[in-house]
Amino acid sequence: MDTYPRLQCVRCNYSEPFTRPLERCPQCDGDWLDVVYDYPRVARIWQRELPRRPQTMWRYRELLPLRDDVHRLSLGEGGTPLLRASNLAMMLGCSGLYIKDERQGPTGSFKDRQAALAISVMKELGVTEAVLASTGNVAISYAAYSALAGIKIWAFLTSLVPAEKMREVAIYGAKVVKVTGTYDQTKQVAAEFAKRRGLYLDRGIRSIAARESMKTVAFEIAEQLAGYLGPGATPWRAPDWYIQSVSGGLGPVGVWKGFEELLRMGLIDHMPRLACIQAEGCAPMVHSFAKGLEKAEPVLHPRTRIITVATGDPGPAYTFLARVIRQHGGAFEAVSDEDAFRAIHVLAKLEGISMEPAAGIAFAGLFKLLSQGVIRRDEVVVVNCSGHTFPVEKHLLGEDWVQTVEAPARAPAPEEGLLGSLESLGRDVRRVAILEDDPGARRLLRRILQARGPYQIFEAENGREGLELIRRERPDLILLDLMMPEIDGFGVLEVLQSEEELQEIPVIVVTAKELTADERARLSGHIQALLQKGVFTDDELLREIGEAIEE
Ligand SMILES: *Cc1c(COP(=O)(O)O)cnc(C)c1O
Ligand SMILES: [Zn+2]
């Protein structure tokens, strides 16, 4: 009988009981070894015990490769909330949009899962001094956990990492070494240093502990989604999409394995599709996939200000992810730094979530894939909000963020869109009536208006009340939903048209409904603008909203 967990070589299938974290396969010298577990047994234990376990990543202990619990280090990692992004979903016309809020880890990024497990394993191995290369967050997190473990860390960082992050690494007592060069060069320097000094080198994506730790993101998402969506055919729920901003690819590789294990245990009934989003200036995966390559073509000179994700050579992670996406669907996509910054503003203003630029990339990717129709609006989407921005990095705000003197000249207002429409109405609109039965949509419209100026806002939740309100208050503008109880939007419009005193009040229709040609004809000539909730993904419009809410 096989003993579990077992180590298994991905290349030649060699396997042995997991008693030592081998770096290379004794049979074929391959450097990618995986751990397999006794899944039926784990499923039984989880069914019995999971409800009683605390919300940290260690609740999935049986599928984590630490041999003895006495070596476990914890700062409260994992167990981050899955937030329902209702305002954003409303704006984008999506039905199920969720944010895995990894900012809420102990050092503010999802690297805390990796550090908690990897440093625990180092402790178990008796390591007292270790070397790593990082684009920032791994170093911060490893520094914190190694402080707990009493392990000395040499953190090699590219000189492009923001000074704030470097200081954060240093405060935990790690040795910070700044390398003038790219991240890939920094990795080489770190490896050389470890070799010369005979020190333990963190192996990044090739580290078993690092990959296994990321499975817990998948476990939590599936458990939390079931909480939102109710039980399906299986106890837990997989989303249709998992979106992450990707650098070395450790996250999606680990998350994919996590979902695979859940599927094997019968806890979910399908695999999600992966969307790996990269910064345009450093997108080796995106370009290699577009060329149909098996192996990634490295980017030698990354051109992005978002250093967290500036891995030029993703190595085996790309090969793995490209195969997954080829077989199961999914996407590699690139976005510009500016797209990411814009997404950050939108998320901060709409959802109260402030994130670092690397995480903004994932949201910019969401907007892009939605507008391309790659992701459908009725699909359940989870975006990993992978890291927090504290303190706010300077370039995010620009030089003069505190002395805004002159408003920049605006582009002509777009045809569609609430802000564009308001713009074209001029400055004297001050009293706005919102007729909308969905409280969430009302709240979003109110929020956009309030953020933009001192509007006086009146609200009604059906057509009949709306008409009473309009007769009483005589607003300067009406925002009208089409599908409402009692009297619908078309009915309201007809009444407005038939009454002389009300005829002249401009109306903007805001609707999620796909209009038929006949319905469009009924509206035409009677309304100021038609705002389809779905078209908000339009890049131009997102920027307008971002800017407007900023004011
Ligand atoms: C590391 C990191 C990423 C990229 O993750 P990978 O899975 O390693 O590609 C994205 N966002 C943040 C905040 C990170 O720290
Ligand atoms: Zn092998």
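**Briefing: a zinc site, a helix and ring contacts**

C28 is partly exposed, because its relative accessibility of 21% is not under the 20% that counts as buried. The model is predicted. C28 is one of the protein donors of the zinc ion (ligand 2). The points below cover that site, helix α3, the aromatic pairs and two arginines placed over rings.

**Zinc site**

- Four cysteines supply the protein donors of the zinc ion (ligand 2): C9, C12, C25 and C28, each through SG.
- These donors lie 2.2 to 2.3 Å from the zinc ion.
- Along the chain, the donors follow the spacing C-x2-C-x12-C-x2-C.
- C12 and C28 link distant parts of the chain, 16 residues apart.
- C12 sits in the loop between β1 (6–9) and β2 (15–17), while C28 sits in the loop between β2 and β3 (33–36).
- C12 is partly exposed, because its relative accessible area of 27% falls between the 20% limit for buried and the 50% limit for exposed.
- The arrangement around the zinc ion (ligand 2) is tetrahedral, because the 4 donor atoms subtend angles of 103 to 115°.
- For four tetrahedral donors, the ideal angle at a metal is 109.5 degrees.

**Helix α3**

- Helix α3 covers residues 111–125, which is 15 residues.
- At 1.5 Å a residue, α3 should span 21 Å, and its end C-alpha atoms are 21 Å apart, so the two values agree.
- Most of α3 is covered, with 13 of its 15 residues buried.
- G126 follows α3 and has a positive phi, near 80°.

**Aromatic pairs**

- The count of aromatic pairs comes to 11.
- Y37 and Y39 form an edge-to-face pair, because their ring planes meet at 65°; the ring centres are 6.1 Å apart.
- Y37 and Y39 are both buried.
- F156 and F193 form a tilted pair, with 5.2 Å from centre to centre and 50° between the planes.
- F156 belongs to strand β7 (residues 152–158) and F193 to helix α6 (residues 183–197), so this pair ties together parts that are 37 residues apart in sequence.
- Both F156 and F193 are buried.
- W46, Y60, F219 and W236 are linked into a cluster by ring pairs.

**Arginines over rings**

- R430 lies over the face of Y455, at 5.3 Å from the ring centre.
- R522 lies over the face of F490, at 4.4 Å from the ring centre.

Note on methods. Residues numbered from 1 in each chain as written. Chains lettered and ligands numbered in written order. Predicted model: local features only at pLDDT ≥ 70, side-chain atom pairs only at ≥ 80, totals over all residues. Heavy atoms only, no water. Donors = N, O, S within 2.8 Å, 3.2 Å for Na, K, Ca; no water. Tetrahedral: all angles 85-135°; square planar, octahedral: opposite > 155°, others 65-115°. Helix = DSSP H or I, 4+ residues; strand = E, 2+ residues; numbered from the N terminus. Buried < 20%, exposed > 50% of the residue type's maximum accessible area, 1.4 Å probe, protein only. Expected span 1.5 Å × (residues − 1). Phe/Tyr/Trp six-rings, centres within 6.5 Å; stacked < 30°, edge-to-face > 60°. Lys NZ or Arg CZ within 6 Å of the ring centre and 35° of its normal.
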